[in-house]
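User: Hi! I am new to protein structures and would like to learn how to read one. Could you walk me through it?

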Amino acid sequence: MSIEKLIRKDLLAFGGYSAATSPETLVGRIDIATRDIIKLDANENPYGCSPRVQRALAKFKQFHIYPDDGQERLRRMLSGYAGIEPEYIVGGSGSNQLIDLLVRLLINNGDEVINCTPTFGVYSFSTKLCGGTLVEVPRLKDFSIDIDNVKASITPRTKIIFISNPNNPTGTLTPRKDVLELLDTGVPVVIDEAYYEFSKQTVLPLVKKYDNLLVLRTFSKWAGLAGLRVGYGVFPPEIANFILRIKIPYNVNVAALVAVEESLKDIDYLMMSVEKIVVERARMFAALKKIEWLKPHPTRANFILCDVLKGDAQKLHDQLQSKGILVRHFDQARVKDCIRFSVGKPEHTDALLTALRQIGGE
Ligand SMILES: Cc1ncc(COP(=O)(O)O)c(C=O)c1O
């Protein structure tokens, strides 16, 4: 029997999500030891998690017990950090899972999702997977959102507008007044604040005022927990309840729960890492600006997108990879000739700059 006959027809040509490269997959392909690879491709936190997390996990004795499916303690802990009552909060295995759950909850076959491109790939990934129709509204030249065009694209079938704020991969921050204008359309608006701790701008408190505002956050970036997969959504309580009902059981694992608890006891330490990254971002931006064949775009996140003005971005990605520096290159329109560098430690920036100068001089 042909497997293809069994598979949903709309998924036969589905390309999947193109995720960042894992260093271990490069063994034998490049001449650099895995431990020496500089990873500037997934906006991870180079300072890692709080040492409290490592100590608590080393001592933890309950890995054989399922976590609380209703997430009561998690929601209470997050409530303190987010400054909103637990009934507004749902935890996810990364905020990616909450993107997926929101799409599953709201999208019927053929319903429309507005995506302000170029943007984070999981919005289109989940929309396509759920049989939704993507309505792409390209960002303006400076990568700000084309608000008039978004509003003009709304139809009775529009069920979600996705805004990554700041936007991945461009780093652009959407001003609050633009978010408010979109909320006034009445369409559910997802404001993905994965990089909130770096941008320091949030609309989270407005969830109490707007029943169409859905905010996403994560512990992957500021708290250095990308590998443990924990994020959260702040939604109107009715939506939060539906998401809790449709999520897979026990979706946030016990190690992640311990890690959240310990991270929240060590916020000052984690915020020091965030500040180091913000300071390094400015130094890195200024240094990249001096390279005449790169044009960095202003950013409020922990990464910098650059136009590659000479040569080809894919080739630059490959050249850096062969030197053990992983960065991100994109297939999407508008960013095909761009490269994205996550902000690492100062020594990572120095190694990147040396490599770029060597490549530029070749
Ligand atoms: C805008 C945006 N949202 C969500 C995520 C996913 O984060 P998580 O690790 O919480 O799934 C990312 C990760 O890169 C991101 O850039």
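**Reading a ligand site and a helix**

Analyst: Happy to! Please keep in mind that this is a predicted model.

User: Which residues are closest to the ligand?

Analyst: The general idea is to look for residues with a heavy atom within 4 Å of the ligand. Here 14 residues surround the ligand, and the closest are Ser 95, Asp 192, Tyr 195, Thr 218 and Ser 220. By type, the shell divides into 4 nonpolar, 7 polar and 3 charged residues.

User: Where do polar atoms of the protein lie 2.9 Å or some other short distance from an oxygen atom of the ligand?

Analyst: For a polar contact, look for N or O atoms within 3.5 Å of each other. A backbone N or O atom of Ser 95 is 2.7 Å from a ligand oxygen. In the side chain of Ser 220, an N or O atom lies 2.6 Å from an oxygen of the ligand, and a polar side-chain atom of Lys 221 is 2.9 Å from a ligand oxygen. The protein covers 93% of the 400 Å² of accessible area that the ligand has on its own.

User: Now helix 2, please. Which of its residues are buried?

Analyst: Buried means under 20% relative accessible area, and exposed means over 50%. In helix 2, residues 51-59, the buried ones are Val 53, Ala 56 and Leu 57. Viewed down the helix axis, these buried residues fall within an arc of 100 degrees, so they line one face of helix 2.

User: What do the buried residues pack against?

Analyst: They pack against helix 10, residues 254-264. On the face of helix 2 turned away from the buried side, you find the exposed residues Gln 54, Arg 55, Ala 58 and Lys 59.

Methods. Residues numbered from 1 in each chain as written. Predicted model: local features only at pLDDT ≥ 70, side-chain atom pairs only at ≥ 80, totals over all residues. Heavy atoms only, no water. Polar contact = N/O pair within 3.5 Å; in protein donor to acceptor, adjacent residues only side chain to side chain. Areas by Shrake-Rupley, 256 points an atom, 1.4 Å probe, with all protein chains shown as cover. Nonpolar A, V, L, I, M, F, W, Y, C, P; charged D, E, K, R; others polar. Buried < 20%, exposed > 50% of the residue type's maximum accessible area, 1.4 Å probe, protein only. Helix = DSSP H or I, 4+ residues; strand = E, 2+ residues; numbered from the N terminus. Arc of directions from axis to C-beta. Contact = heavy atoms within 4.5 Å.
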